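Here's a protein to look around in, one piece at a time. Keep the model open while you read, and turn it as we go.

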Amino acid sequence: MGQSLVKNYVHVVFATKGRKSFISSDIANKLYPYLNGICNNMNCYPQLIGGHVNHVHILCHLSKNVALSKFIEQLKSSSSRWLKAQEELMDFSWQNGYSAFSVNNRGLNNVREYIANQHVHHRRLTYEEELRSLLIENELPFDERFLWD
């Protein structure tokens, strides 16, 4: 084959340090477009960005030229610097780790709907419960001792 053809969709989840509720609706209305810009600049085209008061979900098409770890490092470091520049968020930081799940084309709408309905999910589910559920559903082994830095 003379060219490289790649279509990798990924659902990325990461939280604020200590899962503090830094992401008010006002902050989210600025943060999600900012994250969208980072994704686009890295050719990792976002399908949907959303979340709740202490975490974000990003569904995007991961560029064939960008390692997932570098993509997330750029998302977190750039957005953290930007958020800290906001007067009320000088002590903001993201957690050290992240979770990422591959998404099949046929599953894109389900993940979009899931991200779009975060506020509904979190009426009955904490972030910790949500993440455990995602990890189990995606058969991703984890050690609870290292999940909540």
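Follow this predicted model along its sequence and you'll meet the pattern β-α-β-β-α-β-α-α-α. That gives the protein 5 helices and 4 strands. Its radius of gyration is 15 Å, close to the 15 Å that the globule rule gives for 149 residues, so the protein is as compact as a globular protein of that length. If you drew a box around the C-alpha atoms along the principal axes, it would be roughly 50 × 35 × 30 Å.

What about the inside and the outside? Buried residues make up 43% of the 149 residues. The accessible surface comes to about 8500 Å², and 48% of that belongs to carbon and sulfur atoms. Now take the contacts in the protein with a separation of 6 or more: 69% of them are between residues 24 or more positions apart.

Next, find the sheet. In what order do its 4 strands sit? The order is β2-β3-β1-β4, in an open sheet with antiparallel pairing. The edges are taken by β2 (46–52) and β4 (99–103); each has a single partner strand, so one side of each is left without a neighbour in the sheet. On average, neighbouring strands here are turned by 15° against each other, if you ignore direction.

Let's zoom in on one of those pairings. Strand β1 covers residues 8–15, and 5 bridges join it to β4, with the two running antiparallel. You can pick out one pair of partners by eye: Val12 has Ala100 of β4 as its bridge partner.

Helices pack against this sheet too. Helix α3 (residues 108–116) touches β1, β2, β3 and β4, and its direction makes about 155° with that of β3. Helix α2 (residues 68–84) lies across β1, β3 (55–62) and β4, running at about 45° to β1.

Now for a few single residues, beginning with Val10 in strand β1. Is Val10 buried or exposed? Its relative accessible area is 7%, and buried means under 20%, so Val10 counts as buried. Leaving aside neighbours within four places in sequence, Val10 is in contact with Ile58, Leu59, Cys60, Leu62, Leu68, Ala100, Phe101 and Val103. You've already met one of these, since Ala100 is the β4 partner of Val12. As for Met42, it sits 32 residues from Val10 along the chain, and the two C-alpha atoms are separated by 14 Å.

Move over to strand β3 and look for His61. With a relative accessible area of 18%, His61 is also under the 20% mark, so this residue is buried as well. Which residues does His61 touch, once its neighbours within four places in sequence are left aside? They are Val6, Lys7, Asn8, Tyr9, Asn43, Cys44 and Tyr45.

For a contrast, head to Asn29 in helix α1 (residues 25–41). Here the relative accessible area is 58%, and exposed means over 50%, so Asn29 is exposed. To finish, try tracing the way from Asn29 to Gln3: they are 26 residues apart in sequence, and their C-alpha atoms are 39 Å apart in space.

Terms used
Residues numbered from 1 in each chain as written. Predicted model: local features only at pLDDT ≥ 70, side-chain atom pairs only at ≥ 80, totals over all residues. Heavy atoms only, no water. Pairing = 2+ DSSP bridges. Axes fitted to C-alpha atoms, helices over the stretch in contact; angles between N-to-C directions. Contact = heavy atoms within 4.5 Å. Buried < 20%, exposed > 50% of the residue type's maximum accessible area, 1.4 Å probe, protein only. Rg over C-alpha atoms; globule rule 2.2 N^0.38 Å. Areas by Shrake-Rupley, 256 points an atom, 1.4 Å probe, with all protein chains shown as cover.
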